[in-house]
Amino acid sequence: MGDSDAIDGLAARHARLREAAARDPQPGHAARDARLAALERLLRENAPAIAAAISADFGHRSPHETQLLELFPSLEGIRHARSHLKAWMRPQRRAVSLWFLPGRARVLLQPLGVVGIIVPWNYPLYLAVGPLTAALAAGNRAMVKMSEFTPAFSALFAELCDKYFTADCDAVVAVVQGDAGVAQAFSRLPFGHLLFTGSTRVGYSVMRAAADNLTPVTLELGGKSPAILGPGYSLEKFAERVMVGKTMNAGQTCIAPDYVLVPAGQARAFIDAARKVVDACYPDILHTPDYSSIIGERHYRRLVGLIEDARGQGAEAVPLSAAAESDAATRRMPPVALLNVNDAMQVMQEEIFGPLLPVLGYRDLDEAIAYVNARPNPLALYYFDDDRGRIDRVLAQTLTGGVTINDTILHVAQDNLPFGGVGESGKGHYHGFEGFETFSKKKAVFFQSRLSGIGLFNPPYGRLFERMVKFLIR
């Protein structure tokens with residue numbers, strides 16, 4: 001299907017889903033669980049083909065990374081939703097004000113109908129299945145727009161949805177492929193909710209398009225996520241956890257450490273420790289199957305341009321691997337540290353999304369906190385320290401999407417924690433119950449009692465009314 005044909009067919013596919021939602025606006029637990037079970041079978045029975053398709057899109061994507069970073073959390077998210085679904089679906093009891101007793105209050109969480117999900121290229125499985133799990137658990141139908149930069153996986157995922165949602169795929173899940181024009185048209189559809197994962201720049205466009213229909217949006221964006229080495233914490237352990245988080249998917253992760261802040265005078269020591277970690281994990285980084293390629297030529301050239309721009313303005317680029325040079329043919333880019341960076345450099349103005357790591361020093365913790373707070377709110381923050389007081393200071397004095405203490409990345413894998421940014425790093429949350437809640441309407445319901453005395457406040461208002469109101473607002 002051509003992109004123009006895809007755009008022309010969007011409204012029809014959306015209408016088909018809305019008709020299906022209207023026929024069954026409140027699916028019961030059995031129906032929702034069956035859809036989640038189908039999604040789980042899709043993943044389990046096609047894991048090798050999924051990993052191969054994603055690798056083909058990247059040029060090379062470590063199959064072990066796909067298993068660990070995409071397949072495992074996707075399956076865990078489905079397992080978590082299925083095990084908690086009955087509890088999530090129950091009406092929530094709420095307290096009633098003394099003056100309205102013996103009335104009762106409840107909150108019902110109802111499906112929104114049809115929700116839209118826009119998937120990025122960097123984790124095309126996990127960032128499709130995670131939101132889709134929440135949407136199906138909440139009883140919705142879903143349209144999923146895949147990234148044009150992962151055509152092999154996108155085609156496979158569409159084919160698998162057709163197979164596993166056999167009753168009528170478009171009546172439950174519709175998978176859409178196509179370019180940026182298709183994505184723009186997709187954003188303008190009147191969804192009950194729209195979840196977008198991608199860059200902050202595109203997030204602005206998605207929110208503007210959704211506003212035409214007053215479509216509520218969840219924006220999972222990015223930003224520059226810092227890793228801070230606290231005073232006295234093991235530099236070697238810090239370097240290990242930062243570099244493991246940074247080199248996952250060759251740094252093409254929205255919550256990868258974007259830059260590090262270390263106590264003044266420790267930058268060179270950090271670089272030495274980081275290089276040992278990289279060489280131990282990837283002894284032949286240009287050829288090992290464990291290290292992934294940069295997704296495409298445009299992104300590869302962008303990263304090379306960031307290094308050249310930084311060097312041109314006085315930064316020092318220090319290889320963090322025995323293989324100092326990148327391989328343009330395979331788009332294998334070993335990690336590089338950048339010293340003497342400043343805010344005028346592009347690498348400090350935009351999310352890096354690759355294996356480049358600026359290293360900055362700070363004189364005291366107040367200065368490190370001030371540095372983070374002077375910039376847009378990051379999607380993630382990583383702080384390494386054994387001192388509970390300093391940890392609490394960092395948590396209290398910074399505003400970020402999420403935090404992992406003494407490690408990186410891992411907060412995203414906790415299904416009982418909400419995931420989402422703040423400010424330029426995002427809007428709204430999902431994962432676990434928060435995902436179920438995001439894709440639901442929280443309907444407030446008050447049940448009046450037959451014993452209610454509310455009629456005493458009916459007009460015409462007289463002295464009894466005045467005495468009662470005076471007592472209420474005393």
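Here is a quick tour of the sheets, cores, rings and backbone oddities in this structure. Keep in mind that this is a predicted model. One open sheet is built from 6 strands with mixed pairing, and the largest nonpolar core takes in 124 residues. Two cis peptide bonds are worth a look as well, one from Leu101 to Pro102 and one from Pro459 to Pro460.

**The open sheet**

- If you walk across the 6-stranded sheet, the order is E5-E4-E3-E6-E7-E15, and the pairing is mixed.
- Strands E5 (173-176) and E15 (426-427) sit at the edges with a single partner strand each, so each has one side without a neighbour in the sheet.
- Inside that order, E6 (residues 193-197) runs parallel to E7 (residues 217-220), and 4 bridges connect the two.
- To find your place in this pairing, look for Leu195, which faces Thr218 in E7.

**Strand E9 and the loop before it**

- Strand E9 (residues 259-263) is well tucked away, with 5 of its 5 residues buried.
- Its parallel pairing with strand E8 (residues 226-229) goes over 3 bridges, and Ala227 is the residue opposite Val260 in E9.
- Asp258 belongs to the loop that links helix H10 (235-247) to E9. With a relative accessibility of just 2%, Asp258 counts as buried.
- Asp258 has plenty of company: leaving out residues up to four places away in sequence, its contacts include Lys224, Lys246, Glu350, Glu351 and Phe353.
- Asn249 is in the loop between H10 and E9 too, and has a positive phi of about 55° despite not being a glycine. Its relative accessible area is 0%, so Asn249 is buried.
- Ala250, also placed in the loop between H10 and E9, again shows a positive phi of about 55° without being a glycine. Ala250 is buried at a relative accessible area of 0%.

**Nonpolar cores**

- As a rule, nonpolar side chains in soluble globular proteins tend to be buried together.
- Within the largest core, of 124 residues, the ones with the most contacts are Phe157, Phe238 and Phe270.
- Helix H5 (residues 126-137) is the top contributor to this core, giving 9 residues.
- What does Phe270 touch, not counting residues up to four places away in sequence? The list is Leu235, Phe238, Ala239, Val242, Met243, Val260, Val262, Leu357 and Val359.
- Another core of 20 residues lies apart from the largest one, and Leu17, Val114, Phe196 and Val206 are among its members.

**His14**

- His14 is part of helix H1 (residues 3-23).
- Is His14 buried or exposed? It counts as buried, because its relative accessibility is 4% and the cut-off for buried is under 20%.
- The His14 side chain comes to 3.5 Å from the backbone oxygen of Pro190.
- Setting aside neighbours within four places in sequence, His14 is in contact with Val114, Met143, Leu189, Pro190 and Phe191.

**Aromatic rings and charges over them**

- There are 17 aromatic pairs in the count.
- In one of them, Phe433 and Phe436 have ring centres 6.1 Å apart and planes at 25°; the pair is stacked because planes under 30 degrees apart count that way.
- Phe433 and Phe436 are 3 residues apart in helix H15 (residues 432-438), so about one helical turn separates them.
- Their surroundings are worth checking: Phe433 is partly exposed with a relative accessible area of 25%, whereas Phe436 is buried at 0%.
- Tyr233, Phe238, Phe270 and Phe384 are linked into a cluster by ring pairs. Phe238 and Phe270 also turn up among the residues with the most contacts inside the largest nonpolar core.
- Arg375 lies over the face of Tyr371, 3.5 Å from the ring centre.
- Arg61 lies over the face of Phe58, with 5.0 Å to the ring centre.

**Cis peptide bonds**

- The bond joining Leu101 and Pro102 is cis, with omega at about 5°. Pro102 is in the loop between strands E1 (92-94) and E2 (104-111).
- From Pro459 to Pro460 the peptide bond is cis as well, omega being near 5°. Look for Pro460 in the loop that runs between strand E16 (440-447) and helix H16 (463-472).

Methods
Residues are numbered from 1 along each chain as its sequence is written. This is a predicted model: local features need pLDDT of at least 70, side-chain atom pairs count only at pLDDT 80 or more; totals for chains, interfaces and linings use all residues. Side-chain values use heavy atoms; hydrogens and water are left out. Two strands pair if DSSP finds at least two bridges between them. Buried means under 20% relative accessible area, exposed over 50%, partly exposed in between (1.4 Å probe, protein chains only). A polar contact is a pair of N or O atoms within 3.5 Å; within protein, one must be able to donate a hydrogen and the other to accept it, and residues adjacent in sequence count only if both atoms are side-chain atoms. Contact means heavy atoms within 4.5 Å. Rings of Phe, Tyr and Trp (its six-membered ring) pair if their centres lie within 6.5 Å; planes under 30 degrees apart count as stacked, over 60 as edge-to-face and the rest as tilted. A charge sits over a ring if NZ of Lys or CZ of Arg is within 6 Å of the ring centre and within 35 degrees of the ring normal. A nonpolar core is a set of buried Ala, Val, Leu, Ile, Met, Phe, Trp, Tyr and Cys residues joined through side-chain atoms within 4.5 Å.
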